[in-house]
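The following exercises are to be worked with the sequence and the coordinates at hand. Each task is followed by a solution in steps.

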Amino acid sequence: MTFDPPVPRRTVKIGEAAGLVGTTPRAIRHYHQIGLLPEPGRGTDDRRRYGYEDIVRLLWIRRMTEAGLSLDDIRTVLTADGHRPRQAVLEALDHGLAEKEAAVRAQREVLRRLRSADSDVGLLSPAVGEVLERLGAGPLRPDQLDDLLVTERIFGPERAALQAADFGLLATDEKLRAEQDRLDRAAEALTGPEDPEVGELAARYFAHYQAMEEARRAAGIEHDGYDPPVEVDPETGRARWPGLEEARRLPSDVTPAQLRIAELVGTMLGAWLAGEDGGPGGEHRLPERSAGSSG
């Protein structure tokens, strides 16, 4: 038996080179265009001819892309003059992969919460779900989920968690729910910001706010642990939350009367937080307001 070794060809065409490497002619042409692979010589038929060194370089390019390097990074690695540039590229790549890994873990955590909650509440921050679970609140209404989504975007996850606590308390405490409904109906019935009932209704809303605050604390939900720092204007005594200006740009169906009530409640809350009447946790007496007061 005799064995005649094959006579190797010195060069191959682009399709054959692609087949040997496991890529496509289109990819090889792209490597030429971006300067990743030098343009080879052409044969008598004016077609590119690829030699052994070209095949080797293509194989290295493919291995590097499989390792996660971008084409720009591969160009840097292949043209790096010395050890340091290559190490810098690899360190940057490792950092980028670590960030992607963290992002994937975060996405999987959201999916876990979604499956566990079986509700869109799983798409909100973990703090929201934790508060609702602590209160034993049932499923939230779609409009409440909408409100939490907007609050989280404008004011942050802490404020959304506090709002979720309010939703949970209103769902589990009939007395608080009934008072909230009475206040909301009365506010909707106001004729305008100059309505003589505005001042008294604002005082009732503030008293309701305090009752909600006490209920949150009784449930182990401390105000300071969830609410972002409140800024109190020293001149007007009005309370301001971070994000308030952005919130004012939101489209809203709030009536002028409801807006006036919110302003009055903000002033009362500012005085309360500033300690003018005892502050949170201390003795506080509501401002004297007659039924005809406009604040």
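**Exercise 1. Locate A274 and describe its surroundings.**

Step 1. A274 is placed in the segment after α13 (256-273); helices (H or I, at least four residues) and strands (E, at least two) are DSSP runs, numbered from the N terminus.

Step 2. A274 counts as partly exposed because its relative accessibility is 47%. Buried means under 20% relative accessible area, exposed over 50%, and partly exposed in between (1.4 Å probe, protein chains only).

Step 3. The C-alpha atoms of A274 and D233 are separated by 9.4 Å, and these residues are 41 apart along the chain.

The model is predicted: local features need pLDDT of at least 70, side-chain atom pairs count only at pLDDT 80 or more, and totals for chains, interfaces and linings use all residues. Residues are numbered from 1 along each chain as its sequence is written, and side-chain values use heavy atoms, with hydrogens and water left out.

**Exercise 2. Determine where the confidence of the model is lowest and highest among the elements of the chain.**

Step 1. pLDDT is the predictor's confidence in each residue, from 0 to 100. The chain averages 81, and 81% of the residues score at least 70.

Step 2. Among the elements, helix α11 (residues 223-226) has the lowest mean pLDDT, 59, whereas helix α2 (residues 25-33) has the highest, 95.

Step 3. Over residues 276-295 pLDDT stays under 50, and the model has 39 contacts beyond four places in sequence for them; contact means heavy atoms within 4.5 Å. Where pLDDT is low, the predicted coordinates should not be read in detail.

**Exercise 3. Characterise the overall make-up of the chain.**

Step 1. The secondary structure consists of 13 helices and 2 strands.

Step 2. Of the 295 residues, 32% are buried. The chain exposes about 18,900 Å², of which carbon and sulfur atoms supply 51% (Shrake-Rupley method with a 1.4 Å probe; for residues, only the protein chains shown count as cover).

Step 3. Among contacts between residues at least 6 apart in sequence, 60% join residues at least 24 apart.

**Exercise 4. Analyse the interactions of Y209 and R216.**

Step 1. Rings of Phe, Tyr and Trp (its six-membered ring) pair if their centres lie within 6.5 Å; planes under 30 degrees apart count as stacked, over 60 as edge-to-face and the rest as tilted. The count comes to 1 aromatic pair. F206 and Y209 form this pair, which is stacked, with 6.2 Å centre to centre and 5° between the planes.

Step 2. F206 and Y209 are separated by about one helical turn, because they are 3 residues apart in helix α10 (residues 198-218). F206 has 0% relative accessibility and therefore counts as buried.

Step 3. The charged end of R216 sits over the ring of Y209, 5.9 Å from its centre (NZ of Lys or CZ of Arg within 6 Å of the ring centre and within 35 degrees of the ring normal).

Step 4. E213 is also found in helix α10, and its relative accessibility of 4% is why E213 counts as buried. The side chain of E213 makes a polar contact with the side chain of R216 at 2.4 Å. A polar contact is a pair of N or O atoms within 3.5 Å; within protein, one must be able to donate a hydrogen and the other to accept it, and residues adjacent in sequence count only if both atoms are side-chain atoms.
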